[in-house]
Amino acid sequence: MAKVRSTAFFCKECGYESAKWMGQCPVCREWNTFVEAPVQKAGGAGNRGVSGRGLAGAGRFLTDASPKKLSEIPSSGGERVSTGMAELDRVLGGGLVSGSLALVGGDPGIGKSTLLLQVCRNLSEAGHQVLYISGEESLSQIKLRADRLGEFSGELTFLCETSLDMVSDTIVQEKPEVVVIDSIQTMYREDVGSAPGSVGQVRESTATLLQLAKRNNISIFIVGHVTKEGTVAGPRMLEHMVDTVLYFEGEKNVPYRILRSVKNRFGSTNEIGVFEMQEDGLREVANPSEYMLSGKPEGASGSVTACSMEGTRPMLLEIQALVCRTNFGMPRRTAAGTDYNRVNLLLAVLEKRAGFRLSDCDVYVNIAGGIRVNEPSLDLGIVMALASSHRDIPVDDKMMVFGEVGLSGEVRAVSMAEKRVQEAAKLGFTACVLPKVCLPGLRQEVPGLKLIGVSSVQEAVDLIGR
Ligand code: TYD
Ligand code: MG
């Protein structure tokens, strides 16, 4: 009799499945990430009948035996429920979609549980039935956290449980509208042999939750810890199964957090939400530009305000550069918060096209506030910050700079110039340096804001000290 394969090897990072063990994953190129986990045949795994593969499992409740024309499919109306947090609503694409499964990933301790508890509070206060299931904290620990967050006036129910069978029974019985599972790595299904947090358990548990969400039209949030290494499976291997993937990012010692969408079946993926972690929970930062510029020094050389686009939203930020004579043979170059190679490239452009002598200088570039941005529109800001620091002449504090820099020293057009200019005007800037080619595209004059179009790096650095 042919041998039926009961286990397979899965990459802990991306979930790639292979019949045999491999040292390096051919998809995500990580080393030593393969672990053995059971595979279950579709429909064969007991009465819960969840397939071993997320996609196959996801497909079955959607199946309708005959193919249908688009016009025959009833539209679901696309109702959205507001989570009570405008920042989160925007990242979700306009609110929570019923019957959707969203994964909220992030490093441990970044604030995922706090965010979701606040969302649960808002939803329950708006009259929705919400169930918060924690496999990590006891009821009294949740209570402690809730006390920090302040008043809870809605009907919000909690359950401490790690057995997914119990969890799904409760969900089917209670029929809540919104469920939070904190975290997927603590959940286990008895019919899957491996330990909680293992690849097999995490995949199977997610497949069960996916079915629950779609069958009962419940919105489910799953928390997934990002693990550097170790024994727990990371959330990346679940990305293909869920509808929405959000990552909560930030530095431990910086209070602000960014919620980024990397996959969204119901909206755009380039929106971000900005939050600030405070003593009493997360606060939304409705105007990130103001927040990012709050500590900008006045009249300091090497400090330039630039503008990056986060989705459809412009965000002003401060670029800092420090150029000083090197004491060693080999000059040091560092870039914090932006691409190191890009900074090297811009240094070369400055040297070759604007006559700066930088080969005997140490160069440090930093995007203030601990944020990471990699957008070509910051190029001109970086160049001007470098030039300003090298000459030790400050750039006008009320000047905002954006534009891409090419290898010939030309300043190239960037998208959404209008929005960036408007943001600068809104925050009281009086001058804006931008690519000359963007000028004709601007629809109207902005009162109080002088637009300075430049076509080359040389023109831009000539503005310093004027
Ligand atoms: P938490 O939501 O438990 O993180 P995660 O679920 O992602 O592991 O956040 C824990 C951190 O947040 C912890 O370091 C304490 C801090 N915190 C505050 O600063 N203020 C608060 O009001 C709360 C509830 C937590
Ligand atoms: Mg937590």
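At 6% relative accessibility, F34 counts as buried. The model discussed here is a predicted one, and F34 serves as the entry point to its aromatic pairs, sheets and cores.

**Aromatic pairs and the N-terminal sheet**

The count of aromatic pairs comes to four. One of them joins Y16 and F34 in an edge-to-face arrangement, with 6.4 Å centre to centre and 90 degrees between the planes. This pair links distant parts of the chain: Y16 belongs to the loop between β1 (7–11) and β2 (17–18), whereas F34 belongs to strand β3 (residues 34–38), 18 residues apart. Unlike the buried F34, Y16 counts as partly exposed, because its relative accessibility is 31% and the intermediate class runs from 20% to 50%.

A further pair is formed by F248 and F275, also described as edge-to-face, with 5.9 Å centre to centre and 80 degrees between the planes. F248 lies in strand β11 (residues 244–249) and F275 in strand β13, so this pair ties together parts that are 27 residues apart in sequence. F248 counts as buried at 2% relative accessibility, and F275 counts as buried at 0%.

The strands around Y16 and F34 belong to an open sheet of three strands, ordered β2-β1-β3, with antiparallel pairing. Because β2 and β3 stand at the edges, each with a single partner strand, one side of each is left without a neighbour in the sheet. β1 and β3 run antiparallel and are joined by five bridges. Within this sheet, F10 stands opposite V35 in β3.

**Surroundings of F248 and the β13–β14 hairpin**

Which residues does F248 touch, not counting residues up to four places away in sequence? They are G105, G106, D107, I110, G111, K112, L115, R257, I258, L259, F275 and L282. The C-alpha atoms of F248 and G106 are separated by 5.0 Å, although these residues are 142 residues apart along the chain.

Two of the residues touched by F248, namely F275 and L282, fall within the ranges of strands β13 (residues 272–278) and β14 (residues 281–284) respectively. These two strands run antiparallel and are joined by four bridges. β13 and β14 form a hairpin with two residues between them, and Q278 stands opposite G281 in β14.

**Charges over rings and a buried arginine**

Two charged side chains sit over aromatic rings, as set out below.

| Charged residue | Ring | Distance from ring centre |
|---|---|---|
| R121 | F152 | 5.2 Å |
| K398 | F429 | 5.5 Å |

Another arginine, R189, is found in the loop between β9 and α6. R189 is buried, with a relative accessible area of 0%. What polar contacts does the side chain of R189 make? One reaches the side chain of D191 at 2.7 Å, and another, of 3.5 Å, joins the side chains of R189 and E204.

**Helix α5 and its packing**

In helix α5 (residues 164–174), the buried residues are L164, D165, V167, S168, T170 and I171. An α-helix has 3.6 residues a turn, so residues three or four places apart point the same way. The buried residues of α5 pack against β7 (130–134), β8 (156–160), β9 (178–182) and α6 (199–216). Just after α5, K175 takes a positive phi of about 50 degrees.

**Nonpolar cores**

In soluble globular proteins, nonpolar side chains tend to be buried together. The largest nonpolar core of this model holds 50 residues, of which L317, I319, L350, L386 and V461 touch the most other members. Helix α9 (residues 379–391) gives the most to this core, contributing seven residues. Leaving aside neighbours within four places in sequence, L386 is in contact with A321, V323, L347, L350, V363 and V365. A second, separate core of 31 residues includes I133, V199, L209 and L212.

Methods:
Residues are numbered from 1 along each chain as its sequence is written. Chains are lettered from A and ligands numbered from 1 in the order in which they are written. This is a predicted model: local features need pLDDT of at least 70, side-chain atom pairs count only at pLDDT 80 or more; totals for chains, interfaces and linings use all residues. Side-chain values use heavy atoms; hydrogens and water are left out. Two strands pair if DSSP finds at least two bridges between them. Rings of Phe, Tyr and Trp (its six-membered ring) pair if their centres lie within 6.5 Å; planes under 30 degrees apart count as stacked, over 60 as edge-to-face and the rest as tilted. Buried means under 20% relative accessible area, exposed over 50%, partly exposed in between (1.4 Å probe, protein chains only). A charge sits over a ring if NZ of Lys or CZ of Arg is within 6 Å of the ring centre and within 35 degrees of the ring normal. Contact means heavy atoms within 4.5 Å. A polar contact is a pair of N or O atoms within 3.5 Å; within protein, one must be able to donate a hydrogen and the other to accept it, and residues adjacent in sequence count only if both atoms are side-chain atoms. A nonpolar core is a set of buried Ala, Val, Leu, Ile, Met, Phe, Trp, Tyr and Cys residues joined through side-chain atoms within 4.5 Å.
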